[in-house]
Amino acid sequence: MKTEEILKYNNHRPFNCPTKPWTIYQEWNKAIFLHWEVDAEVIQEMLPKTLTVDIINGKAWVSIVAFDMNNVRLRYLPKPPYISDFQEINIRTYVVCSGKPSVYFFSMEANNKLSCKIIKQVSKFPYRYSKMNRDETSYHSKNTNLNEAFSVEYTLDNVHVVKDETDKWLTERYAVFQNYKNKIIEYDVHHIEWPMQNIICTSIVVDYPRFTFLNNIPDKIHYSSGVQVLTWDKKEHKK
């Protein structure tokens, strides 16, 4: 889909796209979402004071999203070699800031060392390197420095997924707020509504000692073939 067409699909958004031109194109493909309900007080204590934990039905949520990042490039430029395609896993929660329902990243890891270094420097997101591999039925990650591991084995089918309110609340997020030194940085993003496909996980291993509320039995699971994503320049706010 051409970027001009992507921008026309906006009725699903909770707030409007920025009026300025977007700056970065990327694709989030073959995405596996694992979601856990968590007490809101626990999450609020882990957030910068500027951010307020977002809740639905009285609960906060934390998600692991494992996907393929592809074709990262600046507007009007071709994708640079070696750093534009990699596998990524992020651990995120859901927040509200400046009236925007958004996400906040506890952790971001990728399997390309150079990509981690460059994107972390430019975006200020908490990227780090981990060994990863995936195929059509599995996704595995290992970080020996932090003694962290993630593994999921799965099958897909073409059963239509009817999204409920919580499904959309968890996946349709169009801003990121992240702390960096003495600032909060904000990014706006846009994509069409996530297409959802049925996924059956036959094995899940979640081993992140830093996040004791994550276990091998998520409360919700999603899978998407992916979306094309437009991102705007970061904004900076004081904490």
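1. Let me open with a lysine that I would look at early: K183 is partly exposed, with a relative accessible area of 32%. Please keep in mind throughout that this is a predicted model. K183 forms a salt bridge with E236, and the closest N and O atoms are 2.8 Å apart. This pair links distant parts of the chain, with K183 in strand β11 and E236 in strand β14 (residues 235-238), 53 residues apart. E236 is partly exposed as well, at a relative accessible area of 46%.

2. The K183 pair has company, as the structure holds 16 salt bridges. As a general reminder, side chains of opposite charge can pair when their charged atoms come close. One of the bridges joins the side chains of K59 and D39, at 2.7 Å from N to O. K59 lies in the loop between β2 (52-53) and β3 (60-74), while D39 lies in the loop between β1 and α2 (40-44), so this bridge ties together parts that are 20 residues apart in sequence. K59 counts as partly exposed at 27% relative accessibility, and D39 counts as partly exposed at 39%.

3. Another bridge worth a look is the one between D167 and K220, whose side chains meet at 2.9 Å, N to O. Here too the pair links distant parts of the chain: D167 sits in helix α4 (residues 165-171) and K220 in strand β13 (residues 220-231), 53 residues apart. Is D167 buried or exposed? D167 is buried, because its relative accessible area is 6% and the cut-off for buried is under 20%.

4. There is also a salt-bridge network to inspect. K100, E186, D188 and K235 are linked in it.

5. Turning to the rings, the structure holds eleven aromatic pairs. W28 and W194 make a stacked pair, 6.2 Å centre to centre with 20° between the planes. Where do the two partners sit in the chain? W28 is in strand β1 (residues 24-38) and W194 is in the loop between β11 (183-190) and β12 (197-207), so to speak 166 residues apart, and the pair links distant parts of the chain. Both W28 and W194 are buried. W28 and W194 also belong to one aromatic cluster together with F33 and F67.

6. Y139 and F150 offer an edge-to-face arrangement, with centres 6.4 Å apart and 70° between the planes. Y139 belongs to strand β8 (residues 138-143) and F150 to strand β9 (residues 148-160), eleven residues apart. Y139 is buried, with a relative accessible area of 0%, and F150 counts as buried at 2% relative accessibility.

7. Two charged side chains are placed over aromatic rings. K113 lies over the face of Y129, at 5.0 Å from the ring centre. The charged end of R173 sits over the ring of W169, 4.4 Å from its centre.

8. F125 deserves its own point. This phenylalanine is in the loop between α3 (113-123) and β6 (127-129). F125 is buried, with a relative accessible area of 11%. Which residues does F125 touch, leaving aside its neighbours within four places in sequence? F125 is in contact with F105, M108, K120, V176, Q178, I185 and Y187. As for Y94, F125 and Y94 are 31 residues apart in sequence and 16 Å apart in space, C-alpha to C-alpha.

9. On the surface, Y82, L114, I118 and V122 form a nonpolar patch, with about 430 Å² of accessible area together. L114, one of these residues, is in helix α3. L114 is partly exposed, with a relative accessible area of 44%.

10. Finally, a backbone matter for your checklist: two residues other than glycine with positive phi. N57 has phi near 55°, a positive value in a residue other than glycine. N57 lies in the loop between β2 and β3 and counts as exposed at 67% relative accessibility. Y76 has phi near 75°, again positive in a residue other than glycine. Y76 is in the loop between β3 and β4 (86-97), and counts as exposed at 72% relative accessibility.

Technical notes:
Residues numbered from 1 in each chain as written. Predicted model: local features only at pLDDT ≥ 70, side-chain atom pairs only at ≥ 80, totals over all residues. Heavy atoms only, no water. Phe/Tyr/Trp six-rings, centres within 6.5 Å; stacked < 30°, edge-to-face > 60°. Helix = DSSP H or I, 4+ residues; strand = E, 2+ residues; numbered from the N terminus. Buried < 20%, exposed > 50% of the residue type's maximum accessible area, 1.4 Å probe, protein only. Lys NZ or Arg CZ within 6 Å of the ring centre and 35° of its normal. Contact = heavy atoms within 4.5 Å. Patch = residues over 30% accessible without salt bridge, like charges linked within 9 Å, V, L, I, M, F, W, Y side chains within 5 Å. Areas by Shrake-Rupley, 256 points an atom, 1.4 Å probe, with all protein chains shown as cover. Salt bridge = Lys/Arg side-chain N within 4 Å of Asp/Glu carboxyl O.
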